[in-house]
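Visitor: I am new to this structure, so please give me a close look at a single part of it. I would also like to know how that part sits in the whole.

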Amino acid sequence: MTWTPILDEAPGEVALAVVRDIAAALADSPPCSLLEDEPEDAARVTNASLGLGKAGTAVAIGYFSLVQPEEPSHAATARRLIAETSRVMAAETMRPTLYGGFSGIAWALAKLRAWKVLDIAEDSFAVIDTALADYLDHRDMPRPFELIYGVAGYLVYALARLPNPAALRIIESGLNALEATAKATAEGITWFVPASQLHSTTLERAPEGCYNLGLSHGIPGIFSVLAEVHRLGIDPPRTRRLLEGSVRWLLGQEIGGGWFPALIGPGVDPKPARVSWCYGSPGIPIALLRAARALERDDWRETALRLAMVAAEVPFERSGVIDPPFCHGAAGLMHQFNRLYQDTGIPLFAEAAGTWFGHALSYRVEGEGVAGFMARSMPGSGKYPEPGMLYGAAGIGAVFAAAVSGVEPSWDAMFALSDAGTA
């Protein structure tokens, strides 16, 4: 696709200056702040990860090298960070997850290779491909289905590895796993998350398990990734069935006026989610647009645009945003509206992206955190410095760089916002 800058002149110069400051701060990347209670070996893995650690930081700085080719230090820093991450992957026992495990580090390697930031042989991925395919082939093993910790994330890695035959094996096994765990209802197809797979904060809200409606942990993340699988012609009857059923189920959960709950289920209060990437809009309508494109459904596209426009007009005071990062913060909203503008050409989305750029900048305090940015996990919690893509400065920098560049930010495939197979 054609990607065009949305910030020019003075705002663009400010954004580029922030990118340079973030790149300098991340060259000696600080450890994740969310590691205080982790044992040493687990902390090493998290610090190497795609979501929170140096693999994601390497991807962000690798993208900076495409946006600012006059800065040769960017590519060198990205190579150094991904080398450090690769050494951790070789030495530590890791889960297969996209955001916290070995498939995410391998995805970062594949992305930097596709950008020609890193020269790495095809056979370097063989061990990862085999390990992930073998893991998915154990059908009696319970697996989360989501993007961050589950099957949808494994598909993101595999899609980036096509046309390698091992990648196709991973995709086929992933489709088997999704189909085996899917639940057919009168409203469509969905996936139930048992209490045993819930993290403590979610478990408090859903002690008996739940249906998750977030792009990060739920059904939209699945059908966003399935849309790309379908467009590539991989098992079209099955992917069509899963897409049609899961989108129909999700659309049945709208609770009025373009809002969706984060969770539903036994005893769960289905209150509207805040505007963000992880839950609610605009993440849901972006995933819906991807499904609409895959199945050529104009009705889904119209619904997606309606939902996205509602999100674009939500005032800051009602947004629920409390900090700047990608996951649930101002920078993530800026990028999603930028992505919506690039995909649709609708000026409202460019205007919303510019508004959220201002909000993201307003959180910057010189001398604090990582290049002036701090994160907060929830209202009332303290602020902490965070380097990575999901909660930290790397994600903010990648968003700002995408706003001043003509280089498509295909790094956002890790967020299920674009095709994983795009260089």
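Guide: Helices here are DSSP runs of H or I with at least four residues, strands are runs of E with at least two, and both are numbered from the N terminus. By that rule A350 belongs to helix α16, one of the 17 helices that the chain has beside its 4 strands. This is a predicted model, in which local features need pLDDT of at least 70 and side-chain atom pairs count only at pLDDT 80 or more, while totals for chains, interfaces and linings use all residues. Residues are numbered from 1 along each chain as its sequence is written, and side-chain values use heavy atoms, with hydrogens and water left out.

The part to look at is helix α13, residues 298–312, together with its partners. Two packed helices are described by the angle between their axes and by the distance between those axes. The axes are lines fitted to C-alpha atoms, for helices over the stretch in contact, and the angle runs from 0 to 180 degrees between N-to-C directions.

With α16, residues 347–362, helix α13 makes an angle of about 35°, and the two axes are 10 Å apart. The crossing of α13 over α16 is left-handed (the near helix is turned anticlockwise from the far one by less than a right angle; clockwise would be right-handed). On the α13 side the residues that meet α16 are L305, A308, M309 and A312, and they touch L348, F349 and A352 (contact means heavy atoms within 4.5 Å). This contact holds 7 nonpolar residues, with no polar and no charged ones (Ala, Val, Leu, Ile, Met, Phe, Trp, Tyr, Cys and Pro count as nonpolar, Asp, Glu, Lys and Arg as charged, the others, Gly among them, as polar).

The second partner is α15, residues 330–344, which packs with α13 at an angle of about 140°, the axes being 12 Å apart. The pair is therefore oblique, since angles under 35 degrees count as roughly parallel, over 145 as roughly antiparallel, 65 to 115 as roughly perpendicular and the rest as oblique. Here too α13 passes in a left-handed crossing. R301, L305, A308, A311 and A312 of α13 make the contact with F337, L340 and T344 of α15. By class, these residues are 6 nonpolar, 1 polar and 1 charged.

The two partners can also be followed through A350, whose C-alpha atom is 5.8 Å from that of N338, although 12 residues of chain separate them. A350 is partly exposed, with a relative accessible area of 22% (buried means under 20%, exposed over 50%, partly exposed in between, using a 1.4 Å probe and protein chains only).

In the loop between α12 and α13 lies E296, which has a positive phi of about 55° although it is not a glycine. E296 is exposed, its relative accessible area being 70%. Helix α12 (283–295) in turn follows a loop that contains P282, and the peptide bond joining S281 to P282 is cis, with omega about 10°.

As for the whole, 59% of the 423 residues count as buried. The C-alpha atoms fill a box of roughly 55 × 50 × 45 Å along the principal axes. Among contacts between residues at least 6 apart in sequence, 68% join residues at least 24 apart.
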